[in-house]
Amino acid sequence: MSKDYAVIGLGRFGGSICRELSREGKQVLAIDIDEAKVNEFKNIASHAVILDSTDEESLKEIGIHNFEHVIVAIGDSLQASILTTVILTDLHVERITVKAQNDYHEKILRKLGVDRVIHPERDMGRRIAQNIISNNILDFLDLSDDHSIVEVKTGKKMIGKSLIDLDIRANFGCNVMAIKSGETIDVSPSPEYVFKPDDILLVIGSDDDIHRFEKHLI
Ligand code: ADP
C-alpha cells in the first residue's frame with residue numbers, strides 16, 4: 001500500500017479533509033484519540049486508527065515518517081497540536097500541514113518550520129467580511145499581507161468599454177487576469193475586449209490598488 005496521507009484529528013475540519021482526499025481516490029490514514037470518531041471513518045478512509053498523537057511511540061509504531069503528507073487538525077487542544085507537530089518534525093515527516101486555532105498558535109507553528117499553516121476560521125472570516133463590505137466582491141484570495149486576487153462583478157462604469165479604454169493597469173496598478181462571461185472563461189483577455197453587464201473579473205494587485213480600482217470603476 002502506498003502511504004500517502006495521514007490526517008490527525010477527525011473533527012469538522014480534519015474529517016472534511018479526510019473525506020475529500022478519500023473521494024479523490026487517495027490513500028488516507030485517519031487518526032483520532034476518540035474511538036467513536038475513528039469508527040465513523042472506518043468506511044471512508046483507507047485505514048482508521050485510535051491513537052494519541054502526543055505519544056511519540058504510537059506514531060513511530062504506525063510508521064508515520066513513511067507518510068508523504070501529514071495533516072494535523074486537532075482543534076480542541078493547542079497543547080496536543082503543538083506537541084504532535086514537534087514529534088512529526090523530529091521524526092522528519094516529509095510534509096506537514098497544521099490547522100492553527102489562533103495567531104499565537106500560528107506563530108509557534110511557523111517557528112517550528114511547519115510547511116503549511118492554515119487558519120480556516122480567520123481566512124473565511126476575512127473573505128466573508130470583504131463580501132459584506134462590497135456586494136461586488138464575490139471571492140477573495142490573500143496572496144500576502146498586502147496582495148490579493150479578487151473576483152468582482154463588472155461595474156456599471158465599465159460596461160461597453162474595452163480594457164484599452166479603461167487602461168486598468170496604468171490607472172490603478174492592477175491586472176485583469178481573466179474574465180468570466182456566462183459559461184466561458186477567458187484567461188488571457190484581449191485589450192480590445194468590451195465588458196458586458198454580467199461579466200465577472202479576476203483581478204490581481206496590491207490591496208490598495210484593488211480598492212482604488214473598485215472605488216472608481218465598480
Ligand atoms: P474542529 O474544530 O475541526 O471540529 P475539533 O476540535 O472538534 O475540531 O476536533 C479535533 C479532533 O482531534 C477531535 O476529534 C479530537 O478527538 C482529536 N484529538 C484531540 N487530541 C488528540 C490527540 N492527542 N490525538 C489524536 N486526536 C486528538
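# Exercises on a predicted model

In this predicted model, 21 residues surround the ligand, and Gly9, Gly11, Phe13, Gly75 and Asp76 are the closest.

## Exercise 1: The shell around the ligand

Determine which helix and which strand each supply at least two residues of the shell around the ligand, and break the shell down by class.

*Solution.*
1. The elements that each supply at least two residues are helix 1 (12-23) and strand 2 (28-32).
2. Helix 1 gives the most to the shell, with three residues.
3. Sorted by class, the shell holds eight nonpolar, seven polar and six charged residues.

## Exercise 2: The open sheet

Establish the strand order of the open sheet and identify its edge strands.

*Solution.*
1. The sheet has six strands in the order 3-2-1-4-5-6, and the pairing is parallel.
2. Strand 3 (47-50) and strand 6 (116-118) each pair on one side only and are therefore the edge strands, since a pair requires at least two bridges found by DSSP.
3. From one strand to the next, the twist averages 15 degrees.

## Exercise 3: Strand pairs and the crossover

Describe how strand 1 pairs with strand 4 and how strand 2 is joined to strand 3, then give the handedness of the crossover from strand 2 to strand 3.

*Solution.*
1. Strand 1 (residues 5-8) pairs with strand 4 (residues 69-72) in the parallel sense, over four bridges.
2. Within strand 4, His69 is the residue opposite Tyr5.
3. Strand 2 and strand 3 also run parallel and are joined by four bridges.
4. Asp32 has Ile50 of strand 3 as its bridge partner.
5. Between strand 2 and strand 3 the chain passes through helix 2 (residues 35-41), and this β-α-β crossover is right-handed.

## Exercise 4: Helix 1 against the strands

State which strands helix 1 lies across, and its angle to strand 1.

*Solution.*
1. Helix 1 lies across strand 1, strand 2, strand 4 and strand 5 (95-99).
2. Relative to strand 1, helix 1 runs at about 160 degrees.

## Exercise 5: The setting of Lys26

Locate Lys26 in the chain, decide whether Lys26 is buried, exposed or partly exposed, and list its contacts beyond four places in sequence.

*Solution.*
1. Lys26 sits in the loop between helix 1 and strand 2.
2. Lys26 has 16 C-beta neighbours inside 10 Å. A buried residue needs 20 or more and an exposed one 12 or fewer, so Lys26 counts as partly exposed.
3. Leaving out residues up to four places away in sequence, Lys26 touches Asp4, Tyr5 and Leu21.
4. Ser46 is 20 residues from Lys26 along the chain, and their C-alpha atoms are separated by 8.3 Å.

Definitions and conventions:
Residues numbered from 1 in each chain as written. Predicted model: local features only at pLDDT ≥ 70, side-chain atom pairs only at ≥ 80, totals over all residues. Near = placed C-beta within 6 Å. Nonpolar A, V, L, I, M, F, W, Y, C, P; charged D, E, K, R; others polar. Contact = placed C-beta atoms within 7 Å. Axes fitted to C-alpha atoms, helices over the stretch in contact; angles between N-to-C directions. Right-handed = clockwise from strand over helix to strand, strands pointing away.
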